[in-house]
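Student: I have a model open and would like to talk through its pockets, its packing and a few single residues. Can we start with the open space and work inwards?

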Amino acid sequence: MFAGKKFAAFLFDMDGTVVNSIAAAERVWADWAHRQGLDVAAFLPTIHGVRAIETIAGLALPGVDPMREADALLQAEAADVDGILPIAGAAAFLASLPPERWAIVTSAPRELALLRIAAAGIPLPAILVAAEDVSRGKPAPDCFRLAAERLGVDARDCLVFEDAPAGISAAEAAGAAVVVISATHRHPLQTPHAAIAGYDAIGIAVDDRGWIAFEAKCIATACLD
């Protein structure tokens, strides 16, 4: 995967990419959708990877204030972190990275992101770009460009780890390389990008400039290139 390629920094989406919060998120959103009279089963797949306010605004529900509803959903999600877990190998992989060379870039509000990071037990990044840090959420590239800027690198020299179509589109628009994390996918995602289920099978090497490359990692008796 990306043989011979080095990156200035790694940018990680949060939910579904380093944290598995699907059960908690869907509990809260299912209750909200039911109260709005929506088809819950059809609606839930649309919530992932997008800011709540944009999801709600896109529905154009009569008499519904997207800002007020997004705030209420934030409070409900903040109160429900039961069952939130790290994606396999994510905690160790993030801990192995130079702190100044990675960031989390999420569509979740900062308050919720910090709660989920703590609940999953993954390292807290030095740079966290959250929903309120940009005026346009994914699939706009703003969030990834901002994260790269805060790390002092060019987004085109970064590798983005994503799980959702909106995030993949945002990374592509930012000019970054993409790897798809498939751990929480119920169905295969049609994508031209490399895909991995988790982080147990990948390691890194850092050169004297601080740029990062993947390296072979041995698991039991098998080594992956």
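Tutor: Gladly, and please keep in mind that this is a predicted model. The largest pocket holds about 900 Å³ of space, and of the 40 residues that line this pocket, Asp15, Ile47, His48, Gly49 and Val50 are the closest to its centre.

Student: Which helices supply at least two residues each to that lining?

Tutor: Helix H1 (22–35), helix H3 (52–59), helix H4 (66–78), helix H6 (110–120) and helix H8 (165–174) each do so, and the largest share, 6 residues, comes from H4.

Student: And how does the lining of the largest pocket split by class?

Tutor: The lining of the largest pocket has 21 nonpolar, 9 polar and 10 charged residues. It also draws on two domains, taking at least three residues from each of domain 1 (9–20 + 84–216) and domain 2 (21–79).

Student: How far apart are the C-alpha centres of domain 1 and domain 2?

Tutor: The C-alpha centres of the two domains lie 23 Å apart, and the contact takes 20 residues from domain 1 and 14 residues from domain 2.

Student: Switching to closed space, how many cavities of 30 Å³ or more does a search of the whole structure find?

Tutor: The search finds 1 cavity of 30 Å³ or more, and the largest cavity has a volume of about 50 Å³. Its lining is made up of Arg51, Thr106, Ser107, Ala130, Ala131, Val134, Arg136, Gly137, Lys138 and Cys143, which divide into 4 nonpolar, 3 polar and 3 charged residues.

Student: OK, now the packing. Which residues touch the most other members in the largest nonpolar core?

Tutor: In this core of 33 residues, Phe10, Phe12, Val18, Phe93, Phe161 and Tyr199 touch the most other members. Several elements each supply at least two residues of the core, among them strand S1 (9–12), helix H5 (90–96), strand S4 (102–105) and strand S6 (158–162), while the largest share, 4 residues, comes from H6.

Student: What does Phe10 touch, leaving out residues up to four places away in sequence?

Tutor: With those left out, Phe10 touches Phe93, Leu97, Arg101, Trp102, Ala103, Leu159, Phe161, Ile204, Ile212 and Phe214. There is also a second, separate core of 26 residues, which includes Ala9, Val153, Val178 and Trp211.

Student: I was also looking at H7; which of its residues are buried?

Tutor: Helix H7 (142–151) is mostly covered, with 7 of its 10 residues buried, namely Asp142, Cys143, Phe144, Leu146, Ala147, Ala148 and Leu151. What covers these buried residues includes S1, S4, strand S5 (127–129), S6 and H8. Just after H7, Gly152 takes a positive phi of about 80°.

Student: Then where does Asp157 lie, and why does it count as partly exposed?

Tutor: Asp157 lies in the loop between H7 and S6. It counts as partly exposed because its relative accessibility is 30%, and the partly exposed class runs between the buried limit, under 20%, and the exposed limit, over 50%.

Student: What does Asp157 touch, again not counting residues up to four places away in sequence?

Tutor: On that count, Asp157 touches Phe7, Ala8, Ala9 and Trp211; of these, Ala9 and Trp211 are included in the second core.

Student: And how far apart are Asp157 and Ile196 in space?

Tutor: Asp157 and Ile196 are 20 Å apart in space, C-alpha to C-alpha, and 39 residues apart in sequence.

Notes
Residues are numbered from 1 along each chain as its sequence is written. This is a predicted model: local features need pLDDT of at least 70, side-chain atom pairs count only at pLDDT 80 or more; totals for chains, interfaces and linings use all residues. Side-chain values use heavy atoms; hydrogens and water are left out. On a 1 Å grid over the protein atoms alone, a cavity is a set of points where a 1.4 Å probe fits but cannot get out, and a pocket is an open set with protein on both sides within 12 Å along at least five of seven lines; lining residues have an atom within 4 Å of a point. Grid points are joined across faces, edges and corners, and a volume is the space filled by probe spheres set on the points. Ala, Val, Leu, Ile, Met, Phe, Trp, Tyr, Cys and Pro count as nonpolar, Asp, Glu, Lys and Arg as charged, and the others, Gly among them, as polar. Domain bounds come from an automatic or database domain assignment. A nonpolar core is a set of buried Ala, Val, Leu, Ile, Met, Phe, Trp, Tyr and Cys residues joined through side-chain atoms within 4.5 Å. Buried means under 20% relative accessible area, exposed over 50%, partly exposed in between (1.4 Å probe, protein chains only). Contact means heavy atoms within 4.5 Å.
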